[in-house]
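Notebook open, coffee poured. I want to look up a hairpin, a charged side chain and a few ion pairs.

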Amino acid sequence: MSKSSFVVRIERISVRNFKNIGEGTVYFNEYKRLERKDLSNDDYSNVLGIYGQNASGKTSIIDALSIVRQIISGGGLTSSIQNYIKKGTDGFAISISFLLSNDPKAILLNYDVTVKQDDKNIYIDNESVSYLENKDNQYKLSDKKSLFAYSKKNGVKDSFISLIEKKENKTILNYLAYQKTNITVDNQSILSSALFNNETINIIKEEKKLSGVIDAFEALIDFTKNKFLIVTTNLFDGIDVRSIGVNGFDYDENQDKVHRNFSILFGKQILDIDKYNDFLKMLDASGKVLNTLIPGLTIKPHVYEETIDSNGKKAIVFEVMSIRNDKEIPLFFESRGVKKMLSYVGDLIGVFNEDGTFIATH
């Protein structure tokens with residue numbers, strides 16, 4: 001996928017009948033102004049805090065964001081999604097608003113999805129994309145326009161199908177939507193979006209009448225795959241006994257930004273030379289930030305030897321160490337707080353270094 005020309009921001013998320021929430025919405029301060037179609041002020045909020053009592057729904061918002069990321073990135077959902085349906089209801093709904101900006105162009109795009117369950121099946125009952133955009137470099141958004149809509153009852157909306165010129169693509173599009181949006185309760189198949197799946201996106205790329213929107217769709221997909229991060233308490237599972245997951249951003253051979261993650265095992269571990277160099281770059285960046293936060297602390301690998309791995313490739317045997325006052329100790333013996341910071345500081349570097357990188361944590 002080509003590099004996105006848009007910077008993407010999440011402005012609002014709403015849920016209905018999701019876990020313990022009947023209905024609720026979380027949004028940044030500027031969303032109400034954007035809803036009024038006003039783009040005149042570009043001083044957007046960058047940090048949003050949600051606070052409340054235990055079981056008030058904070059974690060549910062993180063879970064809803066995770067589901068949206070999974071759907072739009074094309075990862076799909078398994079039958080475990082039924083666990084998010086509020087007891088006493090037959091399904092949940094999520095609605096989210098994204099602001100896509102590429103000065104002077106701006107799009108406020110809304111994505112809505114409803115997941116339901118009956119005795120035998122879990123399915124996407126409704127899914128839609130609507131948007132407002134500015135015209136002629138104005139600081140005003142247009143009226144809301146419906147672009148894509150799918151329903152289990154009626155299939156893909158006729159107004160979207162009418163934009164598809166190739167007859168065979170019309171048939172394929174409806175078939176894909178039907179096939180991908182329904183799984184049986186006990187099946188481990190993937191429940192996918194009618195829109196955000198590789199086959200449908202490839203069809204859209206071929207259609208001239210949709211050339212104006214494919215950039216927006218690809219921007220959302222790129223955002224959810226590479227710049228939309230969720231940090232939950234699960235990240236710290238095993239942090240005291242097994243390993244630490246270290247995350248951060250890097251660039252691949254095509255100079256496209258990619259999100260990487262590595263496991264720091266407690267004790268000796270081995271990585272081939274290429275992976276070790278990528279790991280070393282990430283650890284070095286994270287270590288510099290940690291040293292600023294905790295003066296006198298250095299996190300570095302202690303290299304024991306070079307060897308050949310099972311694939312016949314040069315590899316490095318090493319152990320990650322914590323260094324204080326020139327004394328080197330295995331990272332296992334470092335404090336839990338330092339281990340936790342090390343696990344997510346690389347992602348925070350990405351957030352501060354590039355517009356459009358989003359991290360949600362609790």
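My entries follow, one topic at a time.

**Ground rules.** I'm working on a predicted model, where local features need pLDDT of at least 70, side-chain atom pairs count only at pLDDT 80 or more, and totals for chains, interfaces and linings use all residues. I number residues from 1 along each chain as its sequence is written, and side-chain values use heavy atoms, with hydrogens and water left out.

**Hairpin.** I looked up β14 (residues 314-324) and β15 (residues 327-330), which pair in the antiparallel sense over four bridges. For the terms, helices (H or I, at least four residues) and strands (E, at least two) are DSSP runs, numbered from the N terminus, and two strands pair if DSSP finds at least two bridges between them. R324 has K327 in β15 as its bridge partner. Two residues sit between the strands of this hairpin, and N325 in the turn has a positive phi of about 50°.

**R12.** I found R12 in strand β1 (residues 7-18). What is the nearest side chain of opposite charge to R12? It is D112, 4.8 Å away, and R12 is buried yet has no salt bridge. Buried means under 20% relative accessible area, exposed over 50%, partly exposed in between (1.4 Å probe, protein chains only). A salt bridge needs a side-chain nitrogen of Lys or Arg within 4 Å of a carboxyl oxygen of Asp or Glu. As for charge, Lys and Arg count as positive and Asp and Glu as negative, with His and the chain ends not counted. I did find polar contacts from the R12 side chain to those of S95 (2.7 Å) and Y31 (3.2 Å). A polar contact is a pair of N or O atoms within 3.5 Å; within protein, one must be able to donate a hydrogen and the other to accept it, and residues adjacent in sequence count only if both atoms are side-chain atoms.

**Salt bridges.** I count 17 of them in the structure. E11 and R9 meet at 2.9 Å, N to O; E11 is buried at 1% relative accessibility, and R9 is buried at 16%. D143 and K37 meet at 2.5 Å, N to O. D143 lies in the loop between β5 (121-133) and β6 (145-151) and K37 in the loop between α1 and α2, so this pair ties together parts 106 residues apart in sequence. Which of the accessibility classes does D143 fall in? D143 is exposed, at 54% relative accessible area, while K37 is partly exposed at 24%.
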